[in-house]
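Trainee: Hi! Could you walk me through this one? I'm new to it.
Mentor: Happy to. Let's look at it together.

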Amino acid sequence: MTVTLPERELLEIASLEAPDEVTALTRQCLAVALATADGDDSTEQIAEIERAATGWARTGVPIDAVHHAVHSGYRIGLDLVAARRTEGEVRRDDYDTLVAGMRAMLTALDRMTTAISMAYVRELRSAVADHHTAVHTLTSALLGGYSTSTMTRECGIEPAERYAVLALQIPTHPDAADPALDGDVVVRRTLRRAQAALAAHAGRDTLALLSVDGGTVLLPAHTVTDASLEALIAELSAAARVPITATVVHADRHAIPDAADRAHQLLDTVTLIGARGGLHRFERMALEFQLTRPGPARDCLAAILNPLDEHPELLATLRTHLENDFNRQLTARQLHIHANTVDHRLKRIAQFTGLDPTCGADIWKLRSALVARSADVAAPRAGRDRYALST
């Protein structure tokens, strides 16, 4: 159908800030609108537009511009139909014909917007799947230490020379324990929210392998700072609605496997000593990391607290008191006891261990003993799977 447009409509279409194919779409939609109003079948025209929409999605034409073009074409078509149908005196049968034509046009508009939207969704899903596969392949290669230039070209992602290697621990959301909810669905949604926040914050340069309990993230070192990494973990925690714990180690590309091992070992250490949430760096946790390494020194330190095995209330008091930076009032409130009881228990700890929790020279030994004991009592877990697959 050949459509001749008034000058006003031509100027309006020309003024659209969109690619040429989008303004051409306005003309196509106008033709479909007028054909529909005249009772002609527009199925093939709509199918042609749907096929074209797949190409637009692939080349990055914004879907909002496409929908704007569709509605512009139909709006102009409605104006033309209304003007054509209402010239002169309007009879009842003309009015009925106009209403029927409008309904047909709205039906065609619904079919067209649905077709275009589905074309975009299919292409987007395909692109996301391709990118996810490429990211998974390259990340696994970097973590395994066998990245090659051939693989890089096949993946279509250029790796950075240096990375911030993050090990993440995602705790189970409390809702997973609710018998009224499906626990598996809850943990998967927690993961999805974290993944969406990661993609929004870090962009397409991010390489990540995450499962429902954590995983590994590789960020190009030149794109991050200490502050941005802390902000990232805070954003992920807020999105996932659980306190995500992370550790970071910086390394050149060829050293990523060792860096990932160290990051996950450090994450295990952080977990063992009871730290929860936030970003932890190796240089700030070096002492705790070393104290949890197997060996005679760790065994000797852990043994310092053996006399407290038969007095769990004393061990709990010592741990809480050290975590509270020796604030006896805060320790008393947390343990629901009197402050004088805290003092009495500290004296008993000194009697049993030979180390005074109120003496600066002995405090560091007691703190070190607690760290060593955490690793000794809880059998050290293997590092979290850095090759974790997204679920």
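**The sheet and its surroundings**

Mentor: A good starting point is the open sheet, where 5 strands sit in the order β2-β3-β1-β4-β5 with mixed pairing. Keep in mind that this is a predicted model.

Trainee: Which are the edge strands?
Mentor: They are β2 (207–211) and β5 (278–281), and each of them pairs on one side only.

Trainee: By how many degrees are neighbouring strands of this sheet turned against each other on average?
Mentor: The average is 25 degrees, with direction ignored.

Trainee: How many bridges join β1 to β3?
Mentor: There are 7 bridges between strand β1 (residues 162–169) and strand β3 (residues 214–220), and the two run antiparallel. To pick out one pair, Ala167 has Thr216 in β3 as its bridge partner.

Trainee: What about helices, which strands does α7 lie across?
Mentor: Helix α7 (residues 183–202) lies across β2 and β3, and its direction is at about 170 degrees to β2. Helix α8 (residues 226–240) also packs on the sheet, where it touches β1, β3, β4 (245–252) and β5. The direction of α8 makes about 140 degrees with that of β5.

Trainee: And where does Asp205 lie?
Mentor: Asp205 is in the loop between α7 and β2. If you set aside residues up to four places away in sequence, Asp205 touches Leu218 and Pro220. Asp205 and Leu218 are 13 residues apart along the chain, and their C-alpha atoms are separated by 8.8 Å.

Trainee: Let's zoom out. How many helices and strands are there in the protein?
Mentor: The protein has 15 helices and 5 strands. Of its 391 residues, 43% are buried.

Trainee: What share of the contacts comes from residues 24 or more positions apart?
Mentor: Counting contacts with a separation of 6 or more, 70% are between residues 24 or more positions apart.

Trainee: New topic: at what angle do α13 and α14 pack?
Mentor: Helix α13 (residues 328–335) and helix α14 (residues 339–353) pack at about 100 degrees, and their axes are 8 Å apart. An angle from 65 to 115 degrees counts as roughly perpendicular, so that is the term for α13 and α14.

Trainee: Which residues make the contact?
Mentor: From α13 you have Arg328, Gln329, Thr331, Ala332 and Leu335, and from α14 Ala339, Asn340, Val342, Asp343 and Arg345. By type, the residues of this contact divide into 4 nonpolar, 3 polar and 3 charged.

Trainee: Now Ala119. Is that residue buried or exposed?
Mentor: Ala119 is buried, because its relative accessibility is 1% and buried means under 20%. Ala119 has its place in helix α5 (residues 92–144).

Trainee: Leaving aside neighbours within four places in sequence, which residues is Ala119 in contact with?
Mentor: Those are Glu50, Ala53 and Thr54. Gly55 is 64 residues from Ala119 along the chain, and the C-alpha atoms of the two are separated by 8.9 Å.

Trainee: Last one: how many disulfides does the count come to?
Mentor: The count is 0 disulfides, where a disulfide would be a pair of cysteine sulfur atoms within 2.5 Å.

Trainee: And the cysteines Cys300 and Cys359, what are their relative accessible areas?
Mentor: Cys300 has 56% and is therefore exposed, since exposed means over 50%. Cys359 has 30%, so Cys359 is partly exposed.

Note on methods:
Residues numbered from 1 in each chain as written. Predicted model: local features only at pLDDT ≥ 70, side-chain atom pairs only at ≥ 80, totals over all residues. Heavy atoms only, no water. Buried < 20%, exposed > 50% of the residue type's maximum accessible area, 1.4 Å probe, protein only. Axes fitted to C-alpha atoms, helices over the stretch in contact; angles between N-to-C directions. Helix = DSSP H or I, 4+ residues; strand = E, 2+ residues; numbered from the N terminus. Parallel < 35°, antiparallel > 145°, perpendicular 65-115°, else oblique. Contact = heavy atoms within 4.5 Å. Nonpolar A, V, L, I, M, F, W, Y, C, P; charged D, E, K, R; others polar. Pairing = 2+ DSSP bridges.
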